[in-house]
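Work through the following exercises with the sequence and the model open beside you, and try each task before you read its solution.

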Amino acid sequence: MTDTPKTQASVIEGLRSFFRSGKTRDIDYRIRQLKILDKMVTDHEQDIMAALKKDLNKSNPESFMTEINFVQHEIRYTLKHLKKWASPKRVATPVSLQPGTSYIYKDPLGLVLIIGPWNYPFNLTLSPLVGAIAAGNTVLVKPSEVSAATSGLIRDLIGRYFDPSYLAVVEGGAEETAAILEHPFDHIFYTGGERVGKIVMAAAAKHLTPVTLELGGKSPCIVDKDINFDLAARRICWGKFMNAGQTCVASDYLLVHETAKPKIIEALRGAITQFFGENPQASPCYGRIINEHHFNRLCEFMKQGNIIFGGTTDITSRYVAPTLIDRVTPEDPIMTEEIFGPLLPIMTYKTIDEAIGFINARPKPLALYIFSDDE
Ligand code: NAD
């Protein structure tokens, strides 16, 4: 369900005026809201799993581990530490200001906008919300329209559990988000791709609004020679094929010592089969690609290099098999764009300096993995 710009404006005005009332400055008020959020998540674990199944075919254990429990942990950790974090801290006073005393006060910012992504649509929309509530802000949440079932559920649940002038959800895509961004906020927390990140930052700049941008990138995974290849392969598969590769910090590509290549490929084949069976399409633990656009994008990548394992697809269920790809070049789009799917290109290096040079010659990744016994 989307909102008209007029409805959006009145929701935003409501949130501003609630902040001005000063209620959120009270730490006990924030603690009560966090406890309500915890109850909301815990009461509706089954509904959250059902929405994630619909959007991404996530299995219940995966949804619990990577979305629900993640948020619960965030809330409980914050509840444990909030009073200490929020209390004023006495600091030294410079001679020029003697005989004064000095404190650092942690003041709420005001109205915060959270724009969520679709890949972990529950976790990555609600985790920043925990921080925003804890810091005493009022919040407007805009989940990703791409994960429509989870977006609708977030709106429904927050509408039922919270005062809409304290915490509100608006739904919609590019057009609705652009209209929201016309308004001034005190902070914007955006998670998603780089292209939209630039749009968000440009819109924020008009009001000099500070932003947090949680973006993507190509995270390399280095595999050294003479290691436990089976163990490395299981760990690589776990991170890469969870959520069908749609994880911002998943290994994007492997950089393997040239002598280790046959061994890691054999171990990866074994690990994929151990995790998802001979036919991953029939596995209850294997996700699907979020939509046709991303499915087609991945199919284009599969035309590059040489598929050595997997490679099957099914458009009707948006299934892309866990796939290993050999003989790609650094210029192929699969090596210049973020993959964000279950395709793993394998490149080789001769010396570790060569591998480091390759990584440093490219934009900064979000994460980097290395499997080596060399400390
Ligand atoms: P997306 O398409 O869901 O977009 C993110 C948000 O931007 C959505 O809420 C969407 O409605 C909004 N949006 C889309 N077009 C817009 C426009 N023109 N103007 C204003 N808002 C607009 O998500 P995505 O970008 O495809 O997400 C995938 C990316 O997110 C990947 O690059 C991934 O690496 C990154 N990501 C990063 C993290 C992290 O923590 N760093 C976590 C998850 C995902």
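## Exercise 1: two serines

Apart from neighbours within four places in sequence, Ser147 is in contact with Asp55, Pro117, Trp118, Pro121 and Ile290, where contact means heavy atoms within 4.5 Å. The model is a predicted one, in which local features need pLDDT of at least 70 and side-chain atom pairs count only at pLDDT 80 or more, while totals for chains, interfaces and linings use all residues. Residues are numbered from 1 along each chain as its sequence is written, and side-chain values use heavy atoms, with hydrogens and water left out.

Task: find where Ser147 is located, and decide whether Ser147 is buried or exposed.

Solution. Begin with the chain: Ser147 belongs to the loop between strand 4 (138-142) and helix 6 (148-161), helices (H or I, at least four residues) and strands (E, at least two) being DSSP runs numbered from the N terminus. Then turn to the surface: Ser147 has a relative accessibility of 0% and counts as buried, since buried means under 20% relative accessible area, exposed over 50%, and partly exposed in between (1.4 Å probe, protein chains only).

Task: describe the surroundings of Ser372, beginning with the residues in contact with Ser372.

Solution. Leaving out neighbours within four places in sequence, Ser372 is in contact with Asp224 and Ile227. Ser372 itself is found in the segment after strand 15 (369-371) and is partly exposed, with a relative accessible area of 27%. Next, look at the polar contacts (pairs of N or O atoms within 3.5 Å; within protein, one must be able to donate a hydrogen and the other to accept it, and residues adjacent in sequence count only if both atoms are side-chain atoms). One of 2.7 Å joins the side chains of Ser372 and Asp224, and the side chain of Ser372 also reaches the backbone nitrogen of Asp374 at 3.0 Å.

## Exercise 2: salt bridges

Task: a salt bridge is a side-chain nitrogen of Lys or Arg within 4 Å of a carboxyl oxygen of Asp or Glu; how many salt bridges does this rule give, and which parts of the chain does the pair of Asp38 and Arg76 tie together?

Solution. The count comes to 13 salt bridges. In one of them, the side chains of Asp38 and Arg76 meet with an N to O distance of 3.0 Å. Asp38 lies in helix 2 (residues 27-43) and Arg76 in helix 4 (residues 60-86), so this pair ties together parts that are 38 residues apart in sequence. Asp38 is buried, with a relative accessible area of 13%, whereas Arg76 is partly exposed at 40%.

Task: find how far apart in sequence Asp43 and Lys39 are, and then where Asp326 and Lys261 lie.

Solution. Asp43 and Lys39 form a salt bridge at 2.9 Å, N to O, and they are 4 residues apart in helix 2, which means a separation of about one helical turn. For the other pair, the closest N and O atoms of Asp326 and Lys261 are 2.7 Å apart in their salt bridge. This pair links distant parts of the chain, with Asp326 in strand 13 (residues 323-326) and Lys261 in helix 10 (residues 261-276), 65 residues apart.

## Exercise 3: the backbone

Task: find which residues the cis peptide bond with omega of about 10 degrees joins, and say where Asn243 lies.

Solution. For comparison, most residues other than glycine have a negative phi, and most peptide bonds are trans. The cis bond joins Gln98 and Pro99, and Pro99 lies in the loop between strand 1 (89-91) and strand 2 (102-104). Asn243 lies in the loop between helix 9 and strand 9 (253-257), and its phi is near 55 degrees, a positive value in a residue other than glycine. Asn243 is buried, with a relative accessible area of 1%.

Asp226 has a positive phi near 55 degrees as well. Asp226 is found in the loop between strand 8 (220-223) and helix 9 (229-241), and is exposed, with a relative accessible area of 58%.
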